[in-house]
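Biologist: Please walk me through this model one feature at a time, giving me the general idea first and the particular case afterwards.

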Amino acid sequence: MRTNFHNSPIRSHQTLKYSATAFFIGLLAAVAPGRAATLRVTPASPQPGDVLAVTVYPAAGERITGVGMAAFDTAQVKFYTRRDGSARAFLGLPFDRPGGVYPLRARVRVARGNETREQIASATVRARTRDFPTQRISMRASTAGTMSKKDLLRREKALVQSAMKNSYPAPLWSGPWVVPTAGRATSAYGRRRYVNGKWWGQHNGADIKAPTGAPVRAANGGRIALSQYLPTLRGNCIVVDHGCNVFSIYMHLSQRAVSVGQSVARGQVIGRVGATGFVTGAHLHWEIRVGWEPVDPNKVLRSGPQF
Ligand SMILES: [Zn+2]
């Protein structure tokens, strides 16, 4: 029965139609206390790399039928209906943002009886500053050459993104998240990386040094969205869709033990550590993403998103 409460995600960029009148009515509604949808964001003062929970609550007697929102680097924040009639989205606060005040604004379409109208709901994120250390990596020039294969990198990225377009519209995860392999943490999320002196970008995930063949486990329950050899950067790569636009990604594997569409449980072995793709040696690179935004896996391990 639970799935009855989670229909398709509300994607109202396409469905919300605007006219000046509708917009004006929306604004009037928004200033009438208790008569309009409200927006809440937690945590109240996040840091870069945190997962924000963004929730729209309808006014009494109204029902949310769509929410349109763009925030930070996410062009289309995806909302999912909850049992109590509110709609919740997860949103990654990018690692390259300074602390400061960031206004959020949602266009909310609501129904009251047979009437539908649009409202604007606003909230403010007061982000703290987070400084990430710099890491300088040396590798053979032939290996580092991958960095200039812009077209291949772009195509590989597009392939992964297309596998992550339609997340399951309900949480498939439950309980705490687990570290996917045993080993030493060698590079944390957000590190500012230079390879052979050249800027490469901030580290999208976390690295765990482990020998080739060590088991890699799903960080939580989900469905396999991608299991493929991607020769340019990621090597043998697995993407797990945890639902509600939350994903985990596992790279450079020597073996993949799952196929697309398969359900996996938290802790289930999905592959083996390896050194495929753009690497200097055997390790697991893993990521947690909300949509396409990489968030800090260590923070999720301490406290995962709550639907
Ligand atoms: Zn890495």
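**Reading the model**

Modeller: Histidine 252 counts as buried because it has 26 C-beta neighbours inside 10 Å, the rule being that a residue is buried if 20 or more other C-beta atoms lie within 10 Å of its own, exposed if 12 or fewer, and partly exposed in between, with C-beta atoms placed from the backbone. Before we go further, note that this is a predicted model, in which local features need pLDDT of at least 70 and side-chain atom pairs count only at pLDDT 80 or more, whereas totals for chains, interfaces and linings use all residues. Residues are numbered from 1 along each chain as its sequence is written.

Biologist: Where is histidine 252 found, and what is the sign of its phi?

Modeller: Strands (E, at least two residues) and helices (H or I, at least four) are DSSP runs, numbered from the N terminus. Histidine 252 is found in strand S16, and although it is not a glycine, it has a positive phi of about 65°. Cysteine 244, which is not a glycine either, has a positive phi of about 55°, but cysteine 244 is found in the loop between strand S15 (235-241) and S16. Cysteine 244 counts as buried, because 23 C-beta neighbours lie inside 10 Å.

Biologist: How many helices and strands does the chain have, and what share of its residues is buried?

Modeller: The secondary structure comes to 5 helices and 21 strands, and buried residues make up 41% of the 307 residues in the chain.

Biologist: How should I read a nonpolar core, and which residues have the most contacts inside the largest one?

Modeller: In soluble globular proteins, nonpolar side chains tend to be buried together. A nonpolar core is a set of buried Ala, Val, Leu, Ile, Met, Phe, Trp, Tyr and Cys residues joined through C-beta atoms within 7 Å. Here the largest one has 65 residues, and those with the most contacts inside it are Val56, Ile238, Val239 and Tyr250. Strand S16 (residues 246-253) gives the most to this core, with 6 residues. The core also draws at least three residues from each of domain 1 (2-127) and domain 2 (134-302), bounds that come from an automatic or database domain assignment.

Biologist: Which residues is valine 239 in contact with, leaving aside its neighbours within four places in sequence?

Modeller: Two residues are in contact if their C-beta atoms, placed from the backbone, lie within 7 Å. By that rule, valine 239 is in contact with Val160, Ala163, Met164, Ala225, Leu226, Phe247 and Ile249.

Biologist: How do I read a sheet, and which are the edge strands of the one with the order S8-S10-S11?

Modeller: Two strands pair if DSSP finds at least two bridges between them. The open sheet with the order S8-S10-S11 has 3 strands and mixed pairing; its edge strands, each pairing on one side only, are strand S8 (134-137) and strand S11 (198-202). S8 and S10 pair in the parallel sense over 4 bridges, and isoleucine 137 has valine 195 in S10 as its bridge partner. Strand S10 (residues 192-195) and S11 pair in the antiparallel sense, also over 4 bridges, with arginine 193 standing opposite glycine 201. The hairpin of S10 and S11 has 2 residues between the strands, and asparagine 196 takes a positive phi near 50° there.

Biologist: What kind of pairing has the sheet with the order S3-S6-S7?

Modeller: That open sheet of 3 strands has antiparallel pairing, and its edge strands are strand S3 (63-68) and strand S7 (115-127). S3 and strand S6 (residues 100-112) pair over 5 bridges, where the bridge partner of isoleucine 64 is valine 110 in S6.

Biologist: Is glycine 61 buried or exposed?

Modeller: Glycine 61, found in the loop between strand S2 (51-57) and S3, is exposed, because 10 other C-beta atoms lie within 10 Å. In another loop, the one between strand S1 (38-42) and S2, we find proline 43, which a cis peptide bond, with omega about -5°, joins to threonine 42.

Biologist: Where does pLDDT stay under 50?

Modeller: pLDDT is the predictor's confidence in each residue, from 0 to 100. The chain averages 90, and 89% of the residues score at least 70. Over residues 1-8, however, pLDDT stays under 50, and over residues 11-33 it is below 50 as well.
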